[in-house]
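Welcome! Below is a short conversation for anyone meeting this structure for the first time. Take a look, and then follow the questions.

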2 protein chains.
Amino acid sequence: MPRVTESHRAERRAEILAAAARLFADNGFHATSMAGIIAESGLSAGAVYRYFRSKEELIGAVAEFVMSTADQVFEQLLAEEATPSPGDVTSAMVEGVAGRLIHDPVIGADMTRLAVQIWSEALRNPDVLARVSHVVVRLRGHCAEVARRWQDAGNLPADVAPDQVGAAMLSLVQGYILQRLLLPETDASYYVAGVRALLSGKT
Amino acid sequence: MPRVTESHRAERRAEILAAAARLFADNGFHATSMAGIIAESGLSAGAVYRYFRSKEELIGAVAEFVMSTADQVFEQLLAEEATPSPGDVTSAMVEGVAGRLIHDPVIGADMTRLAVQIWSEALRNPDVLARVSHVVVRLRGHCAEVARRWQDAGNLPADVAPDQVGAAMLSLVQGYILQRLLLPETDASYYVAGVRALLSGKT
């Protein structure tokens, strides 16, 4: 019954990921060991190591999770409306973060707390840096595609590369993640209204 | 000779801060001990503890350093020109980060690497969170003052609080710090041109 096996595998994998995410989020990457993750998951060491051989592999899985969430958001945005504005896209990304990454039903941990810890870990672990920069490049590429279409429609100056505008758009999401964690009163709709006002102001 | 003593004290303090900053930047906050900082500084344990009683106090000093750098940037901006645009202010902040925090001559370490580690540490250490959120509030307040003046001049929609726009402006700097560290090709002038294009585009 390969289908049962496949779904069983996916469930196990999600359980381990959830256990790791909870520990990383509470104690940080450094203070979390594979032994701790095994205990938290309630599975055997052999079972856990079958899915993830190291903490770095778990981080890779978290990175993929964030990436696939973002991919879905952009797939919708770029399909439903050919040229969404940067303000609409930033708003959708912030709402995606608030709605899916902060309270993910499968992982059951605030993935944005993990994101901050992974950024920090990337600065001294080249394996983690490679996995993280890959995600940042991809997210910035999505934003750049939005900027390219917006520029083609005559709504952005012609003398910048779309990637430059994409970098600024991505910052608006990264800053939301940080400020919400460091100043918990930073609510998504409050923040998005500020972004829209900034983008619609005179320059 | 109180003046000599004062300058001697300031020098010692900077030496210890520099030693701590180098270790935090290279090995992270968790993997750095007070004993390691004492060894790196070349001073006695008694001398070091006279200035800083804990790693948290050192982080507080780093936070103050970042804050005073930002305070100087804003003092100039708000004095020289009564109503600088959010684009000009973001540009000045990014250049301030690139020019002063990345290559500070006194500290001799990339303070932005420390910033990321401090953000991460703040998520699991309430003492660090209190020190960091204080800095974020102050920086966002500076940005909000810029937004307030820009709004009073009729250049921003009247229906948002200046703090909302300030939050978005601060994000543009935080995102620059992150993207530069995770994708080292993110150059300050390249980035600033993208921000200006985004702010000047149609919405």
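Q: What makes up chain A, from the N terminus on?
A: The elements of chain A run α-α-α-α-α-α-α-α-α. The count is 9 helices and 0 strands. Please keep in mind that this is a predicted model.

Q: How many of the residues in chain A are buried?
A: Buried residues make up 58% of the 203 residues. The word applies to a residue with under 20% relative accessible area. As for its extent, the C-alpha atoms of chain A fill a box of roughly 60 × 40 × 30 Å along the principal axes.

Q: Why is Gly36(B) called partly exposed?
A: Gly36(B) has a relative accessible area of 26%. Buried would need a value under 20% and exposed one over 50%, so Gly36(B), at 26%, is partly exposed. This residue is found in helix 2 of chain B, which covers residues 34–41. Its C-alpha atom is separated by 41 Å from that of Val195(B), 159 residues apart along the chain.

Q: What makes one side of helix 2 of chain A the buried side?
A: In this helix, residues 34–41, the buried residues are Met34(A), Ile37(A), Ile38(A) and Ser41(A). They cover an arc of only 100° around the axis, and therefore lie on the same side of helix 2. The spacing fits a general rule: an α-helix has 3.6 residues a turn, so residues three or four places apart point the same way.

Q: Which exposed residues does the face turned away from that buried side carry?
A: Ala35(A) and Ala39(A) are on that face of helix 2 of chain A. After the helix comes Gly42(A), with a positive phi near 75°.

Q: Where does UniProt place the "DNA-binding region" in chain A?
A: An unreviewed UniProt entry puts this feature at residues 33–52. In the model, that span is 75% helix and 0% strand, with its end C-alpha atoms 13 Å apart. The UniProt annotation "domain: HTH tetR-type", also from an unreviewed entry, covers residues 10–70 of chain A. Residues 10–70 are 80% helix and 0% strand, and their end C-alpha atoms are 20 Å apart.

Q: How do you know that chains A and B are related by a two-fold axis?
A: A turn of 180° and a shift of 0.0 Å along the axis lay chain B on chain A with an RMSD of 0.0 Å. That is the relation of a two-fold axis. Among the residues of chain B, Leu199(B) comes closest to the rotation axis, its C-alpha atom being at 2.5 Å.

Q: Why can we say that the copies meet through the same surface?
A: Because 100% of the interface residues of chain B are also interface residues in chain A, the two copies meet through the same surface. Each side is counted too: 54 residues come from chain B and 54 residues from chain A. In chain B, Leu123(B), Leu182(B) and Leu198(B) lose the most area to chain A, together 15% of what that side buries. The area buried between the chains is about 5,000 Å², with 67% given by carbon and sulfur atoms.

Q: Which residues touch the most other members of the largest nonpolar core?
A: They are Leu58(A), Trp119(A), Leu58(B) and Trp119(B), in a core of 151 residues. Leaving aside neighbours within four places in sequence, Trp119(A) is in contact with Val132(A), Gln174(A), Ile177(A) and Leu178(A), and also with Val116(B), Leu178(B) and Leu182(B). Contact here means heavy atoms within 4.5 Å.

Note on methods
Residues are numbered from 1 along each chain as its sequence is written. Chains are lettered from A and ligands numbered from 1 in the order in which they are written. This is a predicted model: local features need pLDDT of at least 70, side-chain atom pairs count only at pLDDT 80 or more; totals for chains, interfaces and linings use all residues. Side-chain values use heavy atoms; hydrogens and water are left out. A nonpolar core is a set of buried Ala, Val, Leu, Ile, Met, Phe, Trp, Tyr and Cys residues joined through side-chain atoms within 4.5 Å. Buried means under 20% relative accessible area, exposed over 50%, partly exposed in between (1.4 Å probe, protein chains only). UniProt positions are given in the numbering used here, feature names are shortened, and annotations may be inferred rather than shown by experiment. Helices (H or I, at least four residues) and strands (E, at least two) are DSSP runs, numbered from the N terminus. The arc is that of the directions from the helix axis to the C-beta atoms. Copies are superposed by least squares on the C-alpha atoms of residues with pLDDT of at least 70 in both. Buried area is the accessible area (1.4 Å probe) that two parts lose on being put together, summed over both.
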